[in-house]
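Please read the points below beside the sequence and the structure. They are meant for someone who has not seen this chain before.

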Amino acid sequence: MTEHNKPLIMKIKSIFLLIFTLWVPCLSAVAEKAPRPNIIVIMSDDMGYSDIGCYGSEIDTPNLDALAAAGLRYTQFYNTGRCCPTRASLLTGLYAHQAGIGQMVKDYGRPGYRGTLSKNAVTIAEVLKTAGYSTYMAGKWHITTQLGPDGSKESWPRQRGFDRFYGTIIGAGSFFDPWTLTRGEKAITPDNDEGYQPEQYYYTDAISDNAVRYVNEHKESSKENPFFMYMAYTAAHWPMHALEKDIAKYKGRYDAGYEAIREARYKKMKELGVIKDSKLSKAPQLWKDFPEDLKAWELRCMEVYAAMVDNMDQGIGRLVQALKANGQLDNTLILYFQDNGGCAENRGRKPTAKPAEGVVPMGKDELQTLMVPERSRAGYPVLTGVNVMPGPSETYIAYGRNWANVSNTPFREYKATNHEGGIATPLIAHWPEGIRTKNGLRDQVGHLIDVMATCVDLSGADYPKIYKGYKMPPMEGMSLAGSFNSGETVDRQIMFEHYMKRAIRQGKWKLVSLKRQPWELYDMEEDRSELNNLAKAHPEKAKAMAELWESEAHRTLIYPKPGQKGKGH
Ligand SMILES: [Ca+2]
C-alpha cells in the first residue's frame with residue numbers, strides 16, 4: 001500500500017461502513033418480520049428402525065416417504081427405548097430421569113422415578129406459549145400417575161401447556177375403545193363424544209382427524225401466530241387392531257416368512273443409505289421352526305401390524321393436505337420419529353384365562369376402565385391367544401418377538417433395552433422454507449433432548465431458568481437447525497438408562513449393557529448392530545466410558561435408584 005492510495009481506501013471503507021450501517025438494521029428488521037415456523041412433532045409407538053418405506057420397509061408409507069424425499073432423514077437418532085421416558089424426555093428437553101420418569105408411570109419415591117412429569121421441568125408447549133404459539137395435542141400422553149377422570153389433573157396435557165387436547169392419558173388400550181379417552185379434560189367414550197362421530201371409530205384415525213381439525217380451526221380463526229402441535233400415535237403398539245380395509249391390502253405380503261422379509265429390508269436399507277456397514281444380527285427363530293399349524297395366525301399378526309402403520313401414514317397424508325390447502329405447509333417444520341424399537345412383549349399371545357360370557361353391549365356413556373377390555377363396546381367377549389385372528393375389537397394380541405426382530409432390522413434387541421434395537425429411530429425433518437436439501441441423509445447423532453432445543457431456537461422463545469416458581473435445569477440437547485443445511489457432524493455424548501439397562505454414546509463409541517450384565521463396547525461406525533464386543537480389546541476406553549456413565553448418572557438423577565437409600569450402587 002502506498003501513501004498515495006490511503007485516502008481512496010479510507011473513502012471506500014467509509015462507503016462500506018455507511019452501507020453496512022444502513023443495511024444491517026434493514027436485514028435484522030427483515031429477520032424479525034420473517035414468520036416463525038409452525039412446528040408439528042409426530043411420534044409413533046413401538047415401531048422398529050426399518051418399519052417405514054423410506055427406512056427400508058415393504059409397508060406402504062407414501063406420505064412419510066414424500067416428506068423424507070422433500071426433506072431430511074437422520075440415520076443416528078435416538079429415543080430412550082420406552083414409552084414413558086421417551087415422552088418425558090421429548091417434551092422437556094431433559095433426560096427422562098431429570099423429568100421424573102426414569103421408568104414407568106408409578107411413583108418409586110426417588111426424584112428420577114416419580115412417574116409423573118416433574119415440576120422442575122417445563123414442556124415445549126409451556127415454553128412456546130410464552131413466545132406466542134398456540135399449542136395443540138392429539139394422542140397418547142402417558143407421563144402421569146393421575147389417571148382418574150375425577151382426581152387431580154395437574155399433570156395432564158391442558159395443565160402442562162396445551163391449549164387443546166384430544167387423546168388418552170394412559171399408554172395402551174383398545175383402538176376401538178381406548179381407556180382414558182379424553183377431550184380437553186373430560187373423560188369421553190367413542191359413542192358420546194359430540195366433537196367426533198365418524199362412521200367407524202378407530203383411534204389412529206381419530207388422532208389424525210382431530211389434528212387436522214386443530215390445524216384447520218387455527219387457520220379459520222385467522223390467527224396470525226404460529227402453532228405447535230404434538231401428535232402421539234399409539235400405532236403400532238399392541239393390541240394388533242386395524243380396520244379390515246387396511247388389513248386386506250397386506251393379505252399374503254408376509255407369506256415368505258421372517259428371513260425373506262428381513263433380508264429384503266436389509267438390502268433396501270443399504271441402498272437407501274440409512275445403514276452403512278451394519279451386519280444383520282441373528283434372528284431369534286427361523287420361519288421353518290415356527291409351528292406349521294400356527295403360521296396363518298402369525299402371518300395375520302404382521303398383516304395387521306402393517307395395516308396399523310399404513311393407516312397412520314394415511315392420516316399423516318390428510319394432515320399434509322390440510323396444511324397445503326391452508327398455505328401453511330412451506331413454513332411448517334414437521335418432525336417424525338418413533339418412541340422405542342419393535343416390541344417383543346408376549347401380550348395376548350396366550351389364551352384368555354376366563355373369557356366374558358354372553359353379549360352385553362356397553363352404554364353410550366359407559367367409560368372404558370381397562371387397558372385390556374373384557375368386552376368390545378358392542379358387548380362381545382375380547383379374546384386372546386393363538387388362532388384368535390387379530391384385527392377386530394374382540395381380540396387383543398401382540399405381534400411377538402420374531403416380527404419385532406424384523407421391525408428392528410438389522411439391529412439386536414428390542415423395546416426397553418439400550419441396544420440399537422431398543423433406541424434407534426428414524427427422524428424425518430420436513431420444512432420447505434428452512435431446509436434446502438431435498439432427499440438428504442444426515443449422520444449427525446441426535447436424541448429426543450434435541451427437540452426442545454430446536455423448538456426454542458426456531459421460535460425465538462426463552463427457555464426459562466425459573467418457571468412457576470420452580471427451578472429448571474438447563475436444556476440437555478442441541479438444536480437440530482444447525483444440521484438442516486449442513487452435513488457436517490458434531491461429536492456428542494448421550495446418556496441412557498432404563499430398568500438397569502444402560503448405555504452411553506460418545507463420538508463413534510457406545511458402551512452398553514443389559515440388566516446386571518457386564519459392559520459391552522462397540523465402534524458404531526463399523527458395527528452399528530453391536531455384534532463385535534470390543535470391551536476386552538479396548539479396556540481403557542471401556543473403563544473411562546463406564547466412569548463417565550457413573551458420574552453422569554448422578555448428575556442426571558439416574559441415582560438414587562428405586563430402593564436405594566444413598567447415592568450410587
Ligand atoms: Ca412405545
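**Notes on helices and sheet**

1. Helix 8 (residues 295-325) has 31 residues, which at 1.5 Å a residue should span 45 Å, and its end C-alpha atoms are indeed 45 Å apart. The expected span is 1.5 Å times one less than the number of residues. Helices here are DSSP runs of H or I with at least four residues, strands are E runs of at least two, and both are numbered from the N terminus.

2. This is a predicted model, in which local features need pLDDT of at least 70, side-chain atom pairs count only at pLDDT 80 or more, and totals for chains, interfaces and linings use all residues. Residues are numbered from 1 along each chain as its sequence is written, and side-chain values use heavy atoms, without hydrogens and water.

3. Of the 31 residues of helix 8, 25 are buried, so the rest of the structure largely encloses this helix. Buried means under 20% relative accessible area (1.4 Å probe, protein chains only). Gly327 follows helix 8 with a positive phi, near 70°.

4. In helix 3 (residues 83-92), ten of the ten residues are buried, so it too is largely enclosed. Among them are Cys83, Cys84 and Arg87. Gly93, just after helix 3, has a positive phi of about 70°.

5. Ten strands form an open sheet with mixed pairing, in the order 6-5-4-3-7-1-8-9-2-10. Strand 6 (186-187) and strand 10 (440-447) are at the edges with a single partner strand each, so one side of each lacks a neighbour in the sheet. Pairing requires at least two DSSP bridges between two strands.

6. Strand 1 (residues 38-44) pairs with strand 8 (residues 332-338) in the parallel sense over seven bridges. Ile40 has Ile334 in strand 8 as its bridge partner.

Key: Buried < 20%, exposed > 50% of the residue type's maximum accessible area, 1.4 Å probe, protein only.
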